Amino acid sequence: MTDLAAASRPSSGLAALLRHSRYVIAENRVTGFAFGLFLLIVLAAVFGPYIVPHDPLASDTAAALKPPSMKHWFGTDQIGRDVFSRVVVATRLDFFIAVASVALVFLMGGLAGVAAGFFGGWTDRIVGRIADTIMAFPLFVLAMGIVAALGNTVQNIILATAIVNFPLYARVARAEANVRREAGFVQAARLSGNGEFRIVLAQVLPNIMPIMIVQMSLTMGYAILNAAGLSFIGLGVRPPTAEWGIMVAEGAAFMVSGEWWIAFFPGLALMIAVFCFNLLGDGLRDIVDPQRRT
Amino acid sequence: MTAIPLLDIRDLTVEFQTRRGVVTAVQHVNLTIAKGETIGIVGESGSGKSVTSYAVMRILDRAGRIAEGAVMFTNIDVRQASEDDMRELRGREISMIFQNPRAALNPIRKVGRQIEDVLLEHVKAAPSEVTEKAIEILDQVRIARPRERYHAYPFELSGGMCQRVVIALALACRPQLLIADEPTTGLDVTTQKTVMELIVELTRARGMSTILITHDLGLAATYCDKVVVMEKGYVVETATARNIFTAPAHHYTRKLMRATPRPGASLRDLLPEEEAPASSAATVTKFPVADRKPLLVVEKLLKEYPRKGVGGMMSKFMRRGPAPEPKVFRAVDGISFAVNRGESVGLVGESGCGKSTTSTMVMRLIDKTDGTIMFDGEDIGEIPAKQFAKLPMRRRIQMVFQDPTDSLNPRFTAARAIADPILRLSDIRGSDAIRARCEELALQVGLPVELLDRFPHQLSGGQKARVGIARAIALKPDLIILDEPTAALDVSVQAVVLNLLQDLKESLGMSYLFVSHDLNVVRLLCDRVIVMKAGKIVEEGPTERVLFAPEAQYTRDLLAAIPHPTFEPEQADPARVAAGS
C-alpha cells in the first residue's frame with residue numbers, strides 16, 4: 001500500500017524506476033553481478049589513468065618480460081611496460097570507442113529504422129536496401145575495408161563499427177515502429193495536431209526506446225570486440241597506445257615462448273567486458289520490459 | 001439429475017504470488033454442476049470468474065495456486081491428480097473455448113488438420129478414418145461446405161467461423177464438461193446469437209454440462225439454467241436464471257442489472273440508486289443551442305480500397321514489378337447523412353459494414369475516394385488528411401477512441417496526454433496555464449486531479465476512458481466522434497461514462513457521431529440512428545422509431561439478436577438461425 005501511495009506522488013517516474021531496478025537486481029543475482037562489473041568498468045574508464053601504479057607507456061628494458069609479481073601484478077611486456085597499468089588504462093579507449101559507436105549507430109540505424117517502419121513506402125524500401133547491402137558483406141571484412149579506405153584513426157574505427165551494426169538497429173527499430181504505426185495513440189496524436197515527424201520523434205520513439213536500450217547494451221560487447229579485432233590485425237589504434245586488441249596482438253608472439261601473461265590479461269579484460277555487456281542487456285530487458293521476462 | 005454432481009467445487013481459494021505480496025483472486029467459492037446443466041458465471045473484470053475456471057482445468061499460470069478447497073470432477077480430485085491424468089482430463093473430459101478464436105487456432109495449420117490433431121491425441125479416431133471424422137465434426141458445427149473448409153487456414157475464415165472451428169475442436173472428443181470463457185465477446189450480435197445457439201444445441205444433444213463465463217448478464221440469463229454472480233473473488237449470488245432476472249437478491253446483482261442498457265431504461269436509470277440524483281440533469285447547465293442547423297453534411301461519400309493479395313506487408317516490401325491489377329473493394333458505398341448542431345447521431349452496424357471507415361473519413365484521418373464532407377459550410381473532404389492535422393479546423397473535430405488503453409501513449413502521463421492537443425492547437429502557453437487547463441478538464445470528466453501524474457498502466461479502464469474524453473474535449477470541439485467508447489469497459493463503468501458523455505454534450509453544446517454495434521447503448525445517447533450494412537445505409541430515423549418500429553429487415557435482425565431474456569411470455573423465437581458472418 002505504501003508503494004501505491006508512493007506511485008501516485010508527482011515525479012514518481014524516476015523513483016519508481018529505481019525501485020523497480022532494485023527489485024530486478026535483487027531478484028536476479030546475475031543481473032546484479034553484471035551491474036557490479038559495469039560499474040567497475042566505468043570506474044576504470046574514468047579514473048584508470050590516475051590510479052594505476054605505473055606509467056602505461058614507460059618502458060624499462062631491464063624489467064622486460066617479467067611474470068606476474070607483487071610489483072607488476074600482471075607482469076611486464078617485451079619492453080618492460082606494466083601490463084596491469086596498460087590493461088586498466090586501455091579501458092577508457094575501448095569503452096569510449098564502444099559507447100561512441102553505439103550512440104552513432106543508434107542515431108543512424110534507430111532513426112532510419114523508425115522512419116522506415118512508420119512511413120513505409122519509399123523510406124522503407126531505401127532503408128531496407130541499405131541494410132541488405134551492408135549485410136551482404138562479412139561484417140568484419142566490411143569494417144576492415146572501411147578503416148583501410150578511410151585511414152586508421154579512432155573516429156574511423158567508431159564509424160566502421162557503427163556502419164557494421166546499422167542493419168541490426170534499423171531492423172529492430174523498423175519492426176517496433178511498424179506495429180505502432182496504426183496504434184490508437186498515434187491516431188490520437190494526429191487529432192491533436194501533431195505533424196508526422198513530431199509523431200515519430202515524440203510519440204513512437206519513446207515507446208521503442210526500451211527495446212533499443214537493450215539492443216545497445218547487447219551490441220556494446222560486439223563493438224568492443226570489433227574495435228579490438230581491428231587493432232589486433234593492425235587496422236585500429238596504433239601502438240604504443242594501450243588498447244586491448246593491440247596488447248593481445250603483441251603478446252600473441254610471446255605465447256609460444258611461455259610469456260603467456262602479456263596476451264592473457266588484456267584478453268581476459270576483453271572477455272569480461274563483453275560478458276558484462278551481454279548480461280547487462282538481459283538484465284536491462286527485465287527492467288524496461290517486464291512482460292518479456294523469462 | 002444424478003446424485004453425484006459432475007463438478008463439485010468446495011471452498012475454492014486461489015492465490016497469486018505477486019511483488020506486492022499474495023493476492024487472493026478467488027475466495028471460498030462453492031459451485032456444483034450436475035450432468036447436463038448449463039451454468040453462467042457472471043462478473044466484471046477482476047471478479048475471479050476466469051480464474052475459477054482455470055483452477056478447474058488446473059491451468060493457472062506459475063504465480064497462481066489453489067490455496068484451499070477441493071475441486072472434484074466426478075470422482076477425480078483435480079488438486080491431487082498427476083499432470084498425466086490432468087492432460088488426459090483436459091480435452092477429453094473437460095474442454096474449453098477461449099475468448100479470441102483466432103488466438104486459439106494455430107494460424108499456419110489447416111483447420112481440418114487441427115481437428116485431426118485433437119482426435120489423434122486422445123485416440124478418438126483411427127488414422128485411416130480421421131479425415132472423414134474431422135469433416136463430419138465441421139459439418140456438425142454447421143460450417144457450410146465442410147469438405148472445402150477442411151483445407152482453410154484460420155485467416156481465411158471470419159471471426160464467427162473461427163469460433164465454430166474452436167467449438168468443433170472443443171467438442172471433438174465428446175467431453176462431459178465445456179467451459180466457454182467469453183465465447184462471443186468480439187463477435188457481432190447476430191453471430192453471437194448463432195454461436196450461442198450452436199453451443200446450447202450441441203451440448204444439450206450430448207448431455208454435456210456447460211460453464212459459460214461472461215460479463216453479460218443478459219447473455220447468461222438467456223442461455224443458462226443457473227447463474228452465479230461473482231464480485232471481487234466472492235460468489236455473491238447463485239440462483240436460477242429466472243430468479244436472477246426477476247428478483248435479484250444481492251445488491252451487486254441489482255447494480256449490474258441496473259447498469260445493463262436495456263429497452264425502457266433511460267441513461268440516468270443505469271446509475272446505482274444512491275448516485276443517480278446527485279449528478280443528474282439538475283446540476284448541469286445546458287449550453288444554449290441556438291440553431292439546429294446542420295453542422296456536418298456528408299454526401300455520396302465513397303471509399304474504395306484496392307483488394308490486395310495474401311501477405312500484405314511482406315509482399316509490398318519485396319515487390320519488384322507492378323502488382324497484378326487490383327480489384328476494388330467498396331468499404332463505404334455512397335452514403336449521405338447529416339449531423340445537426342447539438343445533436344447526437346448513432347452510426348450502427350456490424351463489423352465490416354463501413355461505419356469505422358466512414359467515421360475515420362469524417363475525422364479526416366484517411367482520404368475519401370469520392371463525395372463531399374461539408375463541415376460548417378466548408379468542404380473539408382477536399383483537404384488531404386496529411387495536411388489537415390495542422391489546420392485550425394482540426395480542433396473543431398475530435399474523437400474518443402474505442403480502446404482507452406491503446407489510444408493513450410504508454411510513455412505519457414495522463415496530464416501529458418491531455419495537454420497534447422492544447423500544446424499543438426490552442427493559444428494557451430506556459431506550463432502553469434496548461435497544467436491549470438488539464439486540471440480543469442480532469443475535473444470536468446470526473447478524473448481525480450492526483451491521478452494526472454500517473455501513467456496509463458497505473459489507471460483503471462474507466463479512468464483511462466476519462467483521460468481519453470478529457471483529451472477530446474480539451475479544444476472545445478464542435479463535433480466529437482465516439483468510436484465505441486465503452487466497448488472495452490465493464491457495464492457499471494460504461495453506465496458512468498455514458499452519463500458523463502451526455503452531461504458534457506449538454507454543457508458544452510457539442511454534436512456527437514456515435515459509432516457502435518450495440519443498439520441498446522446507441523438508444524441511450526442518440527437522437528437519431530443510422531443503420532449501415534455493407535457500406536450502405538439501410539435505415540435512418542429518430543432513435544425511438546428505428547428501435548421500436550424498424551422498417552428494414554436488417555435492423556429487425558440486429559434487434560432480435562440482442563440477448564435479453566423475456567421471462568414472462570415465453571420467447572416466441574423458434575431458433576431462427578440467421579446466416580451468421
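Modeller: Two residues are in contact if their C-beta atoms, placed from the backbone, lie within 7 Å. This is a predicted model: local features need pLDDT of at least 70, side-chain atom pairs count only at pLDDT 80 or more, and totals for chains, interfaces and linings use all residues. Residues are numbered from 1 along each chain as its sequence is written, while chains are lettered from A and ligands numbered from 1 in the order in which they are written.

Biologist: Is B:E237 buried or exposed?

Modeller: A residue is buried if 20 or more other C-beta atoms lie within 10 Å of its own, exposed if 12 or fewer, and partly exposed in between. B:E237 touches B:V229, B:P248, B:A249, B:H250 and B:T253, leaving out residues up to four places away in sequence. B:E237 has 21 C-beta neighbours inside 10 Å, so this residue counts as buried.

Biologist: Which strands of the sheet with order 2-1-4-5 in chain B stand at the edges?

Modeller: Strands are DSSP runs of E, at least two residues, and helices are runs of H or I, at least four, numbered from the N terminus. Two strands pair if DSSP finds at least two bridges between them. The sheet is open, with antiparallel pairing. A single partner leaves one side of a strand without a neighbour in the sheet, so the edges are strand 2 (21–33) and strand 5 (76–77) of chain B.

Biologist: Which helix gives the largest share of the side of chain A that touches chain B?

Modeller: Here 23 residues of chain A contact 26 residues of chain B. The largest share, seven residues, comes from helix 8 of chain A.
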